[in-house]
Amino acid sequence: MNRRSVLTLGAALGLAGAVVPKAASATTGVAAQREWTWAPSQSIVGAGSGVDPQWVWDDEIDGIIANMIDAGQTAQVNAAMDGWVNNWQPIPSGLPPEVSGWLNGHKQLPPWADMTKLRRAADFNRRKDTYLFMIYGVGGGIMSTVIPREARSVYHSKGGADMQDRAAKTFSFGYDLSDINAFENTGEFIVTANRTRMVHAAVRHLLPQSPHWQASGHDEQIPISNHDILVTFHSTGTFAHQKLKEWKVPMSRADEEAFLHSWQVALHFLGVKDEYIPASWDAAHAQAAQILTPILAPTTEGKYLAEVLLGLVAQVDLGLTRGFLNEFVRYQLGNEVGDWLGLKRDYVSAATIRVGWPSYILFREGLIPVMPVNFYLFDQLLRAIAMAFLNRGASGLTTPITIPDMNRPTP
């Protein structure tokens, strides 16, 4: 595979286990929000105000981007940032002073970042990329379609009108975070994260102006709060950690800590306040149990997005059946999610996956000497997912993350 085939559809849809909560409404898709009780003492900085993150956004950049859009400068900013890719590159010229000033102040790693851990995380991602790709792409990616706020925000924003294009543009986030040079000067993640943060600010400004989003039954006035970003993290990073443990993928404690640390730094760069960023995997799983697990539920928008995404993968003709793909979703997320999304059963594929996927992992890890007979099926699934979302299937090159200037034009 080429470099963009590694990670991640989960990020493309964004930036608990194979469980589906009973607390959410399966008929209305209204999330069962709980009172925020997660203690800031469990955070990376060990302290904080304790304010519920669903009432915390990104005020400084939100105002700057709102002014930029209202002034009609979106095309100018996207054009100026067109060649801005690597961490070593200076802030592009041609940006409004407010935008360039903000970007200049958000290029540095947080003081608690540990480059040794970040480098180990990059190596861990390289070694476990196959499993992470499947977890993010098939598991976390489809899980995002049963996160009501996220599904509605995606569907009614500009990107929701062309999911393959949206996936290609945001595929960069997952790859750049997992690249061996992610946080080095030669890497791209710091630039990618700042561009993604600007996109979030634009959506927060634009989406409340959409009558379709307003009428969709959502439960928030402004999308993409710190709470929402944390939910996306748990549907990708925390979910990945749990699945790797469940699948008995070998990894050391140092690997686990490094993997978490890369996500901690990523959350910081996305504008999540440090007091909400979990300091340990135990703290992350506790937070996920409060803010992710109870809210999963089907929505009209989510069902549509899931069908589009699965359809894009299924149309890549590598000899895979749609039933095999449906059953791999069920294998990771459980039958209740599969039923919510109306995924037709394929019991032969289900049996193949239950037996074959554990053997696939054992063979790849060198723990069994003989290649499983169904090894080829799983490799083909990986290739199909990659081909469906890499730069609209055209190549493995970076697709620029651009700031939207409008919402989805039609419902």
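Start by selecting Asn374, then show its surroundings: Asn374 touches Thr352 and Gly356, leaving out residues up to four places away in sequence (contact means heavy atoms within 4.5 Å). You will find Asn374 in the loop between α17 (347-364) and α18 (375-389); helices (H or I, at least four residues) are DSSP runs, numbered from the N terminus. Asn374 is buried, with a relative accessible area of 13%, where buried means under 20% relative accessible area, exposed over 50% and partly exposed in between, using a 1.4 Å probe and protein chains only.

A word on what is on your screen. This is a predicted model, in which local features need pLDDT of at least 70 and side-chain atom pairs count only at pLDDT 80 or more, while totals for chains, interfaces and linings use all residues. Residues are numbered from 1 along each chain as its sequence is written, and side-chain values use heavy atoms, with hydrogens and water left out.

**Colour by confidence**

Now colour by pLDDT, the predictor's confidence in each residue, from 0 to 100. The protein chain has a mean pLDDT of 86, and 86% of its residues reach 70 or more. Among the elements, helix α12 (residues 253-269) has the highest mean, 98, and helix α1 (residues 9-12) the lowest, 36. Select residues 1-29 next: the pLDDT is below 50 there, and beyond near neighbours in sequence this stretch has 117 contacts in the model.

**The cores**

Which residues have the most contacts inside the largest nonpolar core? They are Phe183, Phe189, Met198 and Trp357, in a core of 102 residues. A nonpolar core here is a set of buried Ala, Val, Leu, Ile, Met, Phe, Trp, Tyr and Cys residues joined through side-chain atoms within 4.5 Å. In soluble globular proteins, nonpolar side chains tend to be buried together. Helix α9 (residues 189-206) gives the most to this core, with 10 residues.

Centre on Trp357. Not counting residues up to four places away in sequence, Trp357 touches Tyr131, Met134, Trp247, Phe328, Tyr331, Thr352 and Phe378. Apart from this core lies another, of six residues, among them Ala151, Met163, Leu305 and Leu309.

Stay with that second core and pick Leu305, in helix α14 (residues 300-314). Leu305 is buried, with a relative accessible area of 3%. Beyond four places in sequence, Leu305 touches Thr145, Ala151, Val154, Tyr155 and Met163. The C-alpha atoms of Leu305 and Ala151 are separated by 7.5 Å, although their positions lie 154 residues apart along the chain.

**Two more stops inside**

Is Arg197 buried or exposed? Arg197 counts as buried, at 9% relative accessibility, and sits in helix α9. Its contacts, neighbours up to four places away aside, are Asp58, Ile61, Trp102, His106, Arg204, His268, Phe269, Leu270 and Gly271. Draw a distance to Phe269, 72 residues away along the chain: the C-alpha atoms are separated by 7.7 Å.

Then go to Val138 in helix α6 (residues 129-143), buried at 2% relative accessibility. Val138 is in contact with Phe133, Phe328, Val329, Gln332 and Ile385, leaving aside neighbours within four places in sequence. Val138 and Val329 are 191 residues apart in sequence and 5.9 Å apart in space, C-alpha to C-alpha.

**Helices that meet**

Show helix α5 (residues 115-127) with α12: they pack at an angle of about 105 degrees, their axes 8 Å apart. Axes are lines fitted to C-alpha atoms over the stretch in contact, and angles run from 0 to 180 degrees between N-to-C directions. The two helices are therefore roughly perpendicular to each other, the class for 65 to 115 degrees. Residues making the contact include Leu118, Ala121 and Phe124 of α5 and Ala258, Phe259 and Val265 of α12.

Add helix α13 (residues 281-291), whose buried residues include Trp281, Gln287, Gln290 and Ile291. What covers the buried residues of α13 includes α11 (226-246) and α12.

**Two loop residues to finish**

Select Ile224, in the loop between α10 (211-214) and α11. Ile224 has a positive phi of about 55 degrees although it is not a glycine, and counts as buried at 15% relative accessibility. End at Lys248, in the loop between α11 and α12. The phi of Lys248 is near 60 degrees, a positive value in a residue other than glycine, and Lys248 is exposed, with a relative accessible area of 68%.

Terms used. Parallel < 35°, antiparallel > 145°, perpendicular 65-115°, else oblique.
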